[in-house]
Amino acid sequence: MTDIRPFKGTFYNPHVVESLSRTIAPPYDIIDEKKKEALLARSPYNIVRLILPPPGGSGDFWTRSATLFQAWKKGDVLEVDSGANFYLYRQVFDMPRGGRIGRTGVVALLRCRDFSSGEVLPHELTFPRTRTERLNLLRACHANFSQIFTVFRDEGEEVLAILEDATADAPFLDLNDDEGVTHQLWRIGEGEASRALTEAIRGRKLMIADGHHRYETALAYSKESHRSAEAAQAAAYVSVVMLRSEDPGLAVLPVHRLLRRLPMEPAEAYRRLETCFHVEVIQEGLAERTGMFAGRLASQRRPAFVMLTSGGAALLVLREGVDVAAELPGQESVRWKGLDVPVLHELALTRCLGLDAVDLVDRGDISFTPWESTAMSALGSGEAEAAFLVRSISMGEIWEIAEGGERMPHKSSYFYPKLASGLIVYDHETALA
């Protein structure tokens, strides 16, 4: 059974920190060097100082992070809540295609379980190198500086009723970040609502939407035995946000692929791709036409994507005679093999173009973005020589893959917007005291 519990969150002290909005940051894995420098300049207390190395890199930055974290606690930069609570976290934001919407989740501690238990389900593959870095940070600081993003089904709206009742009053924290997202927090203290929420969640599966590396890190950390009973209890849990799968604000964006170097002319690439795909040139030259590519992709019934180069754009649709079940290697299901990203990696990049997609990702020669405009800019600046635009995957498809015991390729979905790092800290030293 899914085991959650309230905790004493650690927050930035508003009497010491001038602006709370300047202390939060996106998750570590979407912060590039330019963004990192901007966050460092925003505040001497920005959470990026704890979750990432300083500019230029540092092999053991987690040691520095642990020292700084302790200094902030001793200097009253951070303060511990007076009692144990579940926290309700609402984000209000602008959808990429227009319209402002909100979504509300529950912040709680979740007992770490092996994926084999079926209580917590992954849906994407992870990078071992990233897990090692996150584990070293957790060992050094004994804290989660951000929450893992999970979703659960609430068809009968049992949890929704609890959330609506608990958010009827004004939030105790309300701030806007530099991307226009509003972040609000409420408390659910000990009492009937807390017990009802615990029972309502107990029988539900949680699927990791974002934070696979951090969950696997927390799970590994929970199994390390060289600690006191009190420390072991805290280590058994990880901080999560749980959102209803039915929440209309649960937006999933596509994750486009940027290829640093294309080792052939676009015309030669098209020729090779035609063995498996119908190739239709839909734009000559490099000119951004926001939404045009997404519209062309949305109407396709077979796996499809758009290939961009400085010379133009081509729509690639899997040919009718190509059987993905037979052509794609591995024992994955037909459902998995029919997704756009596996077809792109295994057939287009590997089979047709002779590129090793896994190796390119490992070496950083393939990068990722949910934004068409970023892909166009990278092509224009020469940072990339080709880009592949894909469609977003639906929540229903993600659940099917996860419950089928499979994992999608790295970076197959982008849940928008990201949860803020630094909003609530799970400090093992104080959260359960």
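**Exercise 1. Is Glu-157 buried, partly exposed or exposed?**

Solution. Keep in mind that you are looking at a predicted model.
- Step 1: Find the residue. Glu-157 sits in the loop between β8 (148-152) and α5.
- Step 2: Take its relative accessibility, which is 44%.
- Step 3: Compare with the cut-offs: buried is under 20% and exposed is over 50%, with partly exposed in between.
- Step 4: Conclude that Glu-157 counts as partly exposed.

**Exercise 2. Find what the backbone does at Glu-157 and at Asp-76, and describe where Asp-76 lies.**

Solution.
- Step 1: Recall the background. Most residues other than glycine have a negative phi.
- Step 2: Look at Glu-157, where phi is positive, near 60°, in a residue other than glycine.
- Step 3: Turn to Asp-76. Its phi is about 65°, again a positive value, and Asp-76 is not a glycine.
- Step 4: Place Asp-76 in the chain: it belongs to the loop between α3 (61-74) and β3 (78-80).
- Step 5: Check its accessibility. With a relative accessible area of 47%, Asp-76 is partly exposed.

**Exercise 3. Identify the kind of peptide bond that joins Tyr-416 and Pro-417.**

Solution.
- Step 1: Start from the general picture: most peptide bonds are trans.
- Step 2: Read omega for the bond between Tyr-416 and Pro-417, which is about -10°.
- Step 3: Name the bond: it is a cis peptide bond.
- Step 4: Locate Pro-417, which falls in the loop between β20 (414-416) and β21 (426-427).

**Exercise 4. Describe how helix α5 packs against helix α6.**

Solution.
- Step 1: Find the helices: α5 covers residues 158-166 and α6 covers residues 192-202.
- Step 2: Note the geometry. Their axes come within 10 Å and cross at roughly 155°.
- Step 3: Apply the cut-off. Angles over 145 degrees count as roughly antiparallel, so α5 is roughly antiparallel to α6.
- Step 4: List the partners. Glu-158, Val-159 and Ile-162 of α5 meet Ala-193, Ala-196, Leu-197, Ala-200 and Ile-201 of α6.
- Step 5: Sort these residues by class: 7 are nonpolar, none is polar and 1 is charged.
- Step 6: Add the handedness: α5 passes α6 in a left-handed crossing.

**Exercise 5. Work out how α4 is oriented towards α3 and towards α7.**

Solution.
- Step 1: Begin with α3 and α4. They pack at about 30°, and their axes are 8 Å apart.
- Step 2: An angle under 35 degrees counts as roughly parallel, so α3 is roughly parallel to α4.
- Step 3: Pick out the contact. On α3 it uses Phe-61, Trp-62, Ser-65, Ala-66 and Phe-69, and on α4 it uses Glu-133, Arg-134, Asn-136, Leu-137, Ala-140 and Cys-141.
- Step 4: Classify that contact of α3 with α4: 7 nonpolar, 2 polar and 2 charged residues.
- Step 5: Now take α4 (residues 128-141) with α7 (residues 212-222). The angle is about 55° and the axes are 9 Å apart.
- Step 6: Therefore α4 and α7 are oblique to each other.
- Step 7: Find the residues involved: Thr-130, Arg-131, Arg-134, Leu-135, Leu-138 and Arg-139 of α4 touch His-213, Glu-216, Thr-217, Ala-218 and Tyr-221 of α7.
- Step 8: Classify the contact of α4 with α7: 4 nonpolar, 3 polar and 4 charged residues.
- Step 9: Finish with handedness. The crossing of α3 and α4 is right-handed, and α4 passes α7 in a right-handed crossing.

**Exercise 6. Describe the surroundings of Ser-239.**

Solution.
- Step 1: Find Ser-239 in strand β12 (residues 237-244).
- Step 2: Judge its exposure: at 0% relative accessible area, Ser-239 is buried.
- Step 3: Leave aside neighbours within four places in sequence. Among the contacts of Ser-239 are then Phe-7, Leu-109, Asn-144, Ile-148 and Tyr-426.

**Exercise 7. Find how compact the whole protein chain is.**

Solution.
- Step 1: Take stock of the elements: the protein chain has 16 helices and 21 strands.
- Step 2: Compare the radius of gyration, 22 Å, with the 22 Å that the globule rule gives for 433 residues.
- Step 3: The two values are close, so the protein chain is as compact as a globular protein of that length.
- Step 4: Add the interior: buried residues make up 55% of the 433 residues.

Key. Residues numbered from 1 in each chain as written. Predicted model: local features only at pLDDT ≥ 70, side-chain atom pairs only at ≥ 80, totals over all residues. Heavy atoms only, no water. Axes fitted to C-alpha atoms, helices over the stretch in contact; angles between N-to-C directions. Helix = DSSP H or I, 4+ residues; strand = E, 2+ residues; numbered from the N terminus. Parallel < 35°, antiparallel > 145°, perpendicular 65-115°, else oblique. Left-handed = near helix turned anticlockwise from the far one by under 90°. Contact = heavy atoms within 4.5 Å. Nonpolar A, V, L, I, M, F, W, Y, C, P; charged D, E, K, R; others polar. Rg over C-alpha atoms; globule rule 2.2 N^0.38 Å. Buried < 20%, exposed > 50% of the residue type's maximum accessible area, 1.4 Å probe, protein only.
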